[in-house]
Amino acid sequence: MKRLFLITIDAKLDRKSILDFLSSQKGFGLWFYSTPSSFFIYSSFDAKKIAEKIGNQYGQNMRIFVADVNDSNYYGVMPKEHWNIVNN
C-alpha cells in the first residue's frame, strides 16, 4: 500500500532532478509540491528507504528529511487541490 510522505531537501539540490529520479523508480507514485525545498510523494517504501534511495543517488552528505504524513495530526496552508490529495 502506498503512503504519503513529505520530503524536505537541501535547498542546494534540484527538486526536479530528484522528482524525475523518484518517478523513474518502482514503488513511487503521484507527487506534488507547495514550497521550493519540499514535496509530497506517494510510495510503498518507508521513510528510511526513501531517504536511502535519494542519498544513494545524490550523496550521503546532503540534508534530507522524510516524514510519513498519513497520521491525521497535520496542519498547514496550501491550495485546496493539495489538501484534496493529502486527505485521500
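## D68 and its partner R3

D68 is partly exposed, at a relative accessible area of 34%. The model is predicted. D68 belongs to strand 4, which covers residues 64–68. Its side chain forms a salt bridge with R3, and the closest N and O atoms are 2.8 Å apart. R3 sits in strand 1, residues 3–9. The pair links distant parts of the chain, with the two positions 65 residues apart in the numbering. R3 is also partly exposed, with a relative accessible area of 31%. That value lies between the 20% and 50% limits, so R3 counts as neither buried nor exposed.

## The second salt bridge

How many salt bridges does the structure hold? The count is 2. Besides R3–D68, there is a bridge between D20 and K16, also given as 2.8 Å from N to O. This one stays within a single element: D20 and K16 both lie in helix 1, residues 15–23. They are 4 residues apart, about one turn of the helix.

Is K16 buried or exposed? K16 is exposed, with a relative accessible area of 53%. D20 is partly exposed, at 40%. The cut-off for exposed is over 50%, so K16 passes it while D20 does not.

## Fold and overall dimensions

The chain has 3 helices and 4 strands. Read from the N terminus, the order is β-α-β-β-α-β-α. The radius of gyration is 12 Å, close to the 12 Å from the globule rule for 88 residues, so the chain is as compact as a globular protein of that length. Along the principal axes, the C-alpha atoms fill a box of roughly 35 × 30 × 20 Å.

Contacts reach across the sequence. Take those between residues at least 6 apart: 62% of them join residues at least 24 apart. Buried residues account for 34% of the 88 residues.

## Surface and charge

The chain exposes about 5800 Å². Carbon and sulfur atoms supply 51% of that area. The charge count is 11 positive and 8 negative. The mean positions of the two sets are 4 Å apart.

## R15 in helix 1

R15 also has its place in helix 1. Is R15 buried or exposed? Its relative accessibility is 16%, and buried means under 20%, so R15 counts as buried. Leaving out residues up to four places away in sequence, R15 touches I9, Y33, T35, P36, S37, S38 and F39. One of these, F39, is 24 residues from R15 along the chain. The C-alpha atoms of R15 and F39 are separated by 8.3 Å.

## T8 in strand 1

T8 lies in strand 1, the strand that holds R3. T8 is partly exposed, at 30% relative accessibility. Which residues does T8 touch, not counting those up to four places away in sequence? They are S37, S38, R63, I64 and F65. S37 and S38 are among the contacts of R15 too. The C-alpha atoms of T8 and T35 are 9.4 Å apart, with 27 residues of separation along the chain.

## G29 in strand 2

G29 is found in strand 2, residues 28–35. Its relative accessible area is 23%, which makes G29 partly exposed. The cut-off for buried is under 20%, so G29 stays outside that class. Neighbours within four places set aside, G29 is in contact with K2, I41 and Y42. G29 and S43 are 14 residues apart along the chain, and their C-alpha atoms are separated by 6.0 Å.

## The C-terminal helix and the loop before it

H82 lies in helix 3, residues 80–86. H82 is buried, with a relative accessible area of 15%. Beyond residues up to four places away in sequence, it touches F32, Y33 and S34. Strand 2 covers residues 28–35, so these three contacts fall inside its range. Y33 is also one of the residues that R15 touches.

P79 lies in the loop between strand 4 and helix 3. P79 is partly exposed, at 39% relative accessibility. Where does P79 stand relative to S34? The two are 45 residues apart in sequence, yet 8.2 Å apart in space, C-alpha to C-alpha. S34 is also among the contacts of H82.

Notes: Residues are numbered from 1 along each chain as its sequence is written. This is a predicted model: local features need pLDDT of at least 70, side-chain atom pairs count only at pLDDT 80 or more; totals for chains, interfaces and linings use all residues. Side-chain values use heavy atoms; hydrogens and water are left out. The radius of gyration is taken over C-alpha atoms; the globule rule is 2.2 Å times the number of residues to the power 0.38. Buried means under 20% relative accessible area, exposed over 50%, partly exposed in between (1.4 Å probe, protein chains only). Contact means heavy atoms within 4.5 Å. Accessible areas come from the Shrake-Rupley method with a 1.4 Å probe; for residues, only the protein chains shown count as cover. Lys and Arg count as positive and Asp and Glu as negative; His and the chain ends are not counted. The place of a charge is taken as NZ of Lys, CZ of Arg, CG of Asp or CD of Glu. A salt bridge is a side-chain nitrogen of Lys or Arg within 4 Å of a carboxyl oxygen of Asp or Glu.
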